[in-house]
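Reader: Could you take me on a close look at the empty spaces in this protein? I would like to know what lines them, and then how some of the helices pack.

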Amino acid sequence: MSSRVCKVALLSPFDGGNLGDAAILRALIDNLRSRDPQIDLRAITLDAYSMQKTHGISGTKLFVTGRKFYGSTSSHRASRMGKLLRALKPLHTLASEVRHWLHAMRFLRGVDVLIIAGGGQFDEEWGGPWGQPYALFKWTTAARLVGARVACLSVGVCRLQHRLSRFFVSRTLSNASYVSLRDPWSLEFVHKNFSNPRARLVPDLAFSLASSELPAAPEQSQLRTIGVSPIAYGRPDLWPTKDHSAFETYVEALIGFVAQRLQQNDHVVLFCSDGPDWNVIQDMSAALRSRCSAEAFGNLTIKRPMTLSEVLSVIVPCNVIVASRLHGVILSHWLGKPTIAISYDRKVSTHMRQIGQDAACVELKGIAVDELSRTYEALAKRQVEVSQELLSAVERWQKDLSAQYDDVVGTLMRVASSAPDAAARSVRPEVS
């Protein structure tokens with residue numbers, strides 16, 4: 001067998017701000033390197049600079065033509081020669097796409113495995129069909145053309161309503177030698193809509209974070225500490241799905257709940273795990289300052305974590321977490337923290353059922369302070385028991401993830417390393 005260094009490309013919509021994507025990549029990178037310290041990793045992301053800065057891996061851009069809420073938008077709109085450039089834009093876009101297809105094939109030439117790195121990547125909400133669905137189709141097709149294998153590891157299905165989105169995802173799945181889905185709903189969706197019987201269920205990659213990522217335990221506080229992590233879902237300037245009424249109701253309920261806890265002398269930490277949510281925290285802070293006494297407001301702490309280690313350090317001292325983003329919930333569960341999930345999307349409620357915590361899940365739309373307070377009181381009474389349940393589930397899921405790394409990634413790499421060049425890799429064996 002050849003001793004050639006194995007080359008792997010990681011594909012993720014990581015842009016530097018979403019700490020859930022950062023957790024997925026950190027877990028995947030560490031697990032790959034623990035199995036092959038010599039592995040040659042490169043990345044395909046929304047922001048190559050942030051990937052290099054955060055994970056020390058160089059790479060290239062996932063897209064070339066930006067769309068609203070997905071990457072950057074074209075600078076042609078701001079030009080003084082707007083009419084002429086708008087007329088030429090279709091030709092410019094076509095030429096750019098052709099160049100990017102050629103670039104993708106050059107970038108992947110010599111790569112053994114292209115890994116779609118978990119997360120909710122089967123999703124049209126951010127950028128429509130020509131956003132992430134098209135990007136996946138482009139890169140997996142380019143990989144197949146140059147003889148690289150494709151693996152989709154613990155991927156989730158989010159919104160796929162458009163026929164074109166489903167076509168792109170269907171082709172992505174057909175290009176893959178291995179497919180696993182992170183939750184039962186996603187698995188059923190793929191089996192039903194894409195006739196992919198080989199797809200299997202393996203939990204979210206973030207649950208395979210190494211224990212070395214655990215921050216040091218802080219000194220115990222006399223106050224109960226509640227971590228609250230809001231989401232900008234539905235806010236028109238920050239989210240593609242415009243549901244301002246639901247957003248306002250949600251934020252008002254959170255403000256009311258936090259005000260109650262502060263007045264009862266609990267310590268509340270407001271924090272975010274993605275950039276847009278910081279705007280919500282600032283609005284909440286201003287409202288709480290006007291509603292609470294100076295003494296009660298003094299029990300509020302505001303944090304803006306910029307890295308994975310920073311957000312974990314915020315979560316660790318908390319007794320209970322209230323979160324809406326899926327990976328705000330997942331990272332809390334990984335740490336064994338009882339968590340109320342305010343579900344803005346099916347993927348959040350699906351995860352809560354999957355891990356046996358559906359009693360602590362409330363729907364974002366129509367949420368009220370009383371409902372949130374009752375859920376909190378019920379969860380706080382079972383804090384120790386719930387923490388043990390979570391840690392037990394996480395331990396089981398980590399075994400499933402470890403087996404996936406050993407079986408799938410190890411097999412793909414061994415087959416790839418035995419092939420001397422791309423031509424020898426043109427026939428792609430299936431992974432059992």
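Author: Happy to; the spaces come first, and two helix pairs follow. Please keep in mind that this is a predicted model, in which local features need pLDDT of at least 70 and side-chain atom pairs count only at pLDDT 80 or more, while totals for chains, interfaces and linings use all residues. Residues are numbered from 1 along each chain as its sequence is written, and side-chain values use heavy atoms, with hydrogens and water left out.

Rolling a probe the size of a water molecule over the atoms shows where empty space is left. Here a 1 Å grid is laid over the protein atoms alone: a cavity is a set of points where a 1.4 Å probe fits but cannot get out, a pocket is an open set with protein on both sides within 12 Å along at least five of seven lines, and lining residues have an atom within 4 Å of a point. Grid points are joined across faces, edges and corners, and a volume is the space filled by probe spheres set on the points.

Let us start with the largest pocket, which has a volume of about 820 Å³. Its lining has 33 residues, and Asn 18, Asp 21, Trp 126, Asp 274 and Arg 325 lie nearest the centre. Helix α1, strand β4 (113–122) and helix α11 each supply at least two lining residues; helices (H or I, at least four residues) and strands (E, at least two) are DSSP runs, numbered from the N terminus. By class, this lining has 12 nonpolar, 11 polar and 10 charged residues, where Ala, Val, Leu, Ile, Met, Phe, Trp, Tyr, Cys and Pro count as nonpolar, Asp, Glu, Lys and Arg as charged, and the others, Gly among them, as polar.

The second largest pocket has a volume of about 570 Å³. Of its 31 lining residues, Pro 218, Val 316, Pro 317, Cys 318 and Lys 337 lie nearest the centre. Two or more residues come from each of β9 (267–270), α10 (308–315) and α14 (383–417), with α14 giving the largest share, 7 residues. This lining divides into 15 nonpolar, 12 polar and 4 charged residues.

As for closed space, the count is 1 cavity of 30 Å³ or more, and the largest cavity holds about 70 Å³. Among the residues lining that cavity are Arg 182, Asp 183, Phe 207, His 351 and Trp 397. Helices α11 (326–334) and α12 (346–354) each supply at least two of its lining residues, and the largest share, 3 residues, comes from α12.

Now to the helices. The axes of α1 (residues 19–35) and α2 (residues 48–55) come within 11 Å and cross at roughly 55°; axes are lines fitted to C-alpha atoms, for helices over the stretch in contact, and angles run from 0 to 180 degrees between N-to-C directions. That makes α1 oblique to α2, since angles under 35 degrees count as roughly parallel, over 145 as roughly antiparallel, 65 to 115 as roughly perpendicular and the rest as oblique. Contact (heavy atoms within 4.5 Å) is made by Ala 22, Leu 25, Arg 26 and Ile 29 of α1 with Met 51, Thr 54 and His 55 of α2.

The other pair is α7 (residues 244–263) and α8 (residues 277–291), whose axes come within 10 Å and cross at roughly 50°. These two helices are therefore oblique to each other. Residues of α7 that meet α8 include Phe 247, Val 251 and Leu 262, and those on the α8 side include Val 280, Met 284 and Arg 291. The contact of α7 with α8 divides into 11 nonpolar, 2 polar and 2 charged residues.
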